[in-house]
Amino acid sequence: MPPSTVTATETVTKTLVENHTIVETSTATVTATATRIVLVDALGRSIVLEKPAERIVTLAPSITEDVCSLGLCSRIVGLDSYSKTVEGVPSNATVVGGYWNPSPEKIAALHPDLVLACSGVPYQERMAPQLEQLGIRVFFLRCDRARDLNDIYWDLRAVATLLGRPEAADKVIEGMRERVARLEEALANMTRPSVALLVYLQKNGAWVAGGGTFQDTLVNLAGGTNVFHSLHGWQMVGYEEILSKNPDYIVVTGMSPADYNRTIALFESTPLKNARAFREGHVCVLYGEAANRLNRPSPGVVDAAYLLAHLLHPDKVEAPAGLAESYHCLGQSG
């Protein structure tokens, strides 16, 4: 994928987002009032803003979390329904619909400067031309197509630039990198257990995280090895195939604590009851905020990496504060 660039023709400002570095600029930062911003989005489209956006609509919780992590929550005037619980969002922000089916009419009624959309969500990609015909700018982030931490950093830098605060992304990314470095140091030279990450368990199989997903990166950061790394993206596999991999740990994401009992009951009724992870009590179900941090490509993924590391290496890594009530492992009391 070619590098995406930000250029400001009036101030000869050029920012190389892909490399996370301001390459050339006539001012120390992209200022809020004097800089025209041209940025290539995740779909390869050149998006022009005459000035940093002040009224924005976010269409995915990971995007909302990106904006709020930058300290710019107050600019959100509209958001998807899942974003409503993100800490810090304005109480008067309008829900414009679901993540899979936002309403273009509700978005247009808010007269936003910019809509931050999620690449990889078909409805959002189909809806963009309709909004753009009304003069509303739509910028697609990598979002659900994020493959690793660099893609998440790219999204943060793009959002910060579009909102005229590129330095805010530098601070957030620096904090993420410092935590990742500490985790890597803690797990250096540790044995790497094999792991399978599962979602949407069904009668005959489950979706698993393969290579090219940021969850695959998180397993690696957590000191594990993804048994489905050779697959690309999220793939549906049968239980016999999972059993053939026989991972040391199986981590399942659900919605609520009740998903733990449903998951264990399903294991007992499928070939997974013979899996080593099940026999040894190494099946864990993440739900609530823990599942959110594992599945949303935003700064919270670092917490997810720490939680996975705690599950795999409990003597080396503590679970992040605030997530202790958001997971349950087989054999765990309570």
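**Close-up 1. Arginine 145 and its salt bridge to glutamate 125.** In this predicted model, arginine 145 is partly exposed, at a relative accessible area of 46%. Its side chain meets that of glutamate 125 in a salt bridge, 3.3 Å from N to O. This pair links distant parts of the chain: arginine 145 sits in the loop between β10 and α4 (149-162), while glutamate 125 belongs to helix α3, 20 residues apart. Glutamate 125 also counts as partly exposed, because its relative accessibility is 26%. Both partners turn up again in the next view, among the contacts of serine 119.

**Close-up 2. Serine 119, tucked into the loop between β9 and α3.** The loop in question runs between β9 (114-118) and α3 (122-132). Is serine 119 buried or exposed? Serine 119 is buried, since its relative accessible area is just 1% and the cut-off for buried is under 20%. A polar atom of the serine 119 side chain lies 2.7 Å from the backbone oxygen of leucine 141. For the backbone oxygen of arginine 142, the distance to a polar side-chain atom of serine 119 is 3.0 Å. Setting aside neighbours within four places in sequence, serine 119 is in contact with residues including Ala42, Leu43, Phe140, Cys143 and Asp144. Glu125 and Arg145 from the view above are on that contact list too.

**Close-up 3. The open five-stranded sheet beside that loop's strand, β9.** Reading across, the strands come in the order β8-β7-β6-β9-β10, with parallel pairing. The edges are β8 (94-95) and β10 (137-141), each of which pairs on one side only. Where β9 meets β10, the two run in the parallel sense over five bridges. Look for cysteine 118 here: it stands opposite leucine 141 in β10. Leucine 141 is also the residue whose backbone oxygen lies 2.7 Å from the serine 119 side chain.

**Close-up 4. Glutamate 132 and arginine 45, one of the 15 salt bridges found in the whole structure.** The closest N and O atoms of this pair are 2.7 Å apart. Which parts of the chain does the pair link? Glutamate 132 comes from helix α3 and arginine 45 from the loop between β4 (37-40) and β5 (46-49), distant parts of the chain with the two positions 87 residues apart. Glutamate 132 counts as partly exposed, given its 31% relative accessibility. Arginine 45 is partly exposed as well, with a relative accessible area of 22%.

**Close-up 5. Aspartate 303 and arginine 179, part of a salt-bridge network.** The two side chains meet in a salt bridge at 2.9 Å, N to O. Aspartate 303 lies in helix α11 (residues 301-312) and arginine 179 in helix α5 (residues 166-186), so the bridge ties together parts that are 124 residues apart in sequence. Aspartate 303 counts as buried, because its relative accessibility is 14%. Arginine 179, on the other hand, is partly exposed at 25%. Widen the view and the network of salt bridges takes in Arg179, Glu289, Arg293 and Asp303.

**Close-up 6. A nonpolar patch at the surface.** Tyr200, Trp207 and Met236 make this patch, which covers about 340 Å². Methionine 236 is found in strand β14 (residues 234-238). With 36% relative accessibility, methionine 236 counts as partly exposed.

How values were computed: Residues are numbered from 1 along each chain as its sequence is written. This is a predicted model: local features need pLDDT of at least 70, side-chain atom pairs count only at pLDDT 80 or more; totals for chains, interfaces and linings use all residues. Side-chain values use heavy atoms; hydrogens and water are left out. Patches are made of residues with over 30% relative accessible area and no salt bridge: like charges are joined within 9 Å, nonpolar side chains (Val, Leu, Ile, Met, Phe, Trp, Tyr) within 5 Å. Accessible areas come from the Shrake-Rupley method with a 1.4 Å probe; for residues, only the protein chains shown count as cover. A salt bridge is a side-chain nitrogen of Lys or Arg within 4 Å of a carboxyl oxygen of Asp or Glu. Helices (H or I, at least four residues) and strands (E, at least two) are DSSP runs, numbered from the N terminus. Buried means under 20% relative accessible area, exposed over 50%, partly exposed in between (1.4 Å probe, protein chains only). A polar contact is a pair of N or O atoms within 3.5 Å; within protein, one must be able to donate a hydrogen and the other to accept it, and residues adjacent in sequence count only if both atoms are side-chain atoms. Contact means heavy atoms within 4.5 Å. Two strands pair if DSSP finds at least two bridges between them.
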